[in-house]
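Here are a few exercises to work through with the sequence and model open side by side. Try each task before reading its solution.

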Amino acid sequence: MNCPCGSEKTYAECCEPVIKGARVAATAEEMMRARYTAYTQVEMEFLQGSLHPDHQGNNDSEGARDWAENSEWHSLEVIETRAGGPDDDTGRVEFVATYTHEEKEQSYHEVAEFDKVDGQWY
């Protein structure tokens with residue numbers, strides 16, 4: 001299966017190893033792509049664990065699960081990435097995810113901030 005993140009790689013060679021914990025994301029963009037893909041695969045444990053440790057307690061896990069399970073995920077478009085490379089400690093990724101939820105096609109546009117803590121992007 002092609003990876004839902006739109007990388008044109010297979011899921012097994014792209015986001016699955018990050019989601020399953022076989023390796024860590026090398027960049028902020030790779031973490032963001034893995035998080036999008038985790039929603040499409042309803043990988044809630046990964047989604048919770050990939051939140052910054054300072055924010056893991058502030059997450060609506062039931063709402064996130066409902067969104068993941070009850071949406072049809074269409075595409076991810078990365079608009080811009082600033083920093084967030086393998087040697088950086090912070091990064092910013094602007095993206096748009098399109099999906100259908102409750103029979104309405106919608107888009108989610110975000111400029112996401114990422115921090116690397118002990119070699120792991122959050």
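**Exercise 1: the turn after β2**

At 62% relative accessibility, E102 counts as exposed, where exposed means over 50% relative accessible area, buried under 20% and partly exposed in between, with a 1.4 Å probe and protein chains only. Before going on, note that this is a predicted model, in which local features need pLDDT of at least 70, side-chain atom pairs count only at pLDDT 80 or more, and totals for chains, interfaces and linings use all residues. Residues are numbered from 1 along each chain as its sequence is written, and side-chain values use heavy atoms, with hydrogens and water left out.

Task: find where E102 sits and work out its phi.

Solution. Start with the place: E102 lies in the loop between β2 and β3; helices (H or I, at least four residues) and strands (E, at least two) are DSSP runs, numbered from the N terminus. Then check the backbone: phi of E102 is near 50°, a positive value in a residue other than glycine. Now do E103, which is in the loop between β2 and β3 too. E103 isn't a glycine either, yet its phi is positive, about 65°. With 80% relative accessibility, E103 is exposed.

**Exercise 2: the hairpin**

Task: describe how β1 and β2 pair, and say which residue between them has a positive phi.

Solution. First, take the strands: β1 (residues 71-83) and β2 (residues 90-101) run antiparallel, with 11 bridges; pairing calls for at least two DSSP bridges between two strands. For a landmark, look across from S75 and you'll find T98 in β2. Finally, go to the connection: six residues lie between the strands, and G84 has a positive phi near 80°.

**Exercise 3: the core**

Task: which residues have the most contacts inside the largest nonpolar core, and which element gives the most to this core?

Solution. Count first: the largest nonpolar core has 29 residues, and C15, I19, F46, L76 and F114 have the most contacts inside it. Such a core is a set of buried Ala, Val, Leu, Ile, Met, Phe, Trp, Tyr and Cys residues joined through side-chain atoms within 4.5 Å. Next, the suppliers: α1 (16-19), α2 (28-41), α3 (44-49), α4, β1, β2 and β3 (104-117) each bring at least two residues to this core. The top giver is α2, with seven residues. Last, zoom in on F46: leaving aside neighbours within four places in sequence, F46 is in contact (heavy atoms within 4.5 Å) with V18, I19, M31, A34, R35 and A38.
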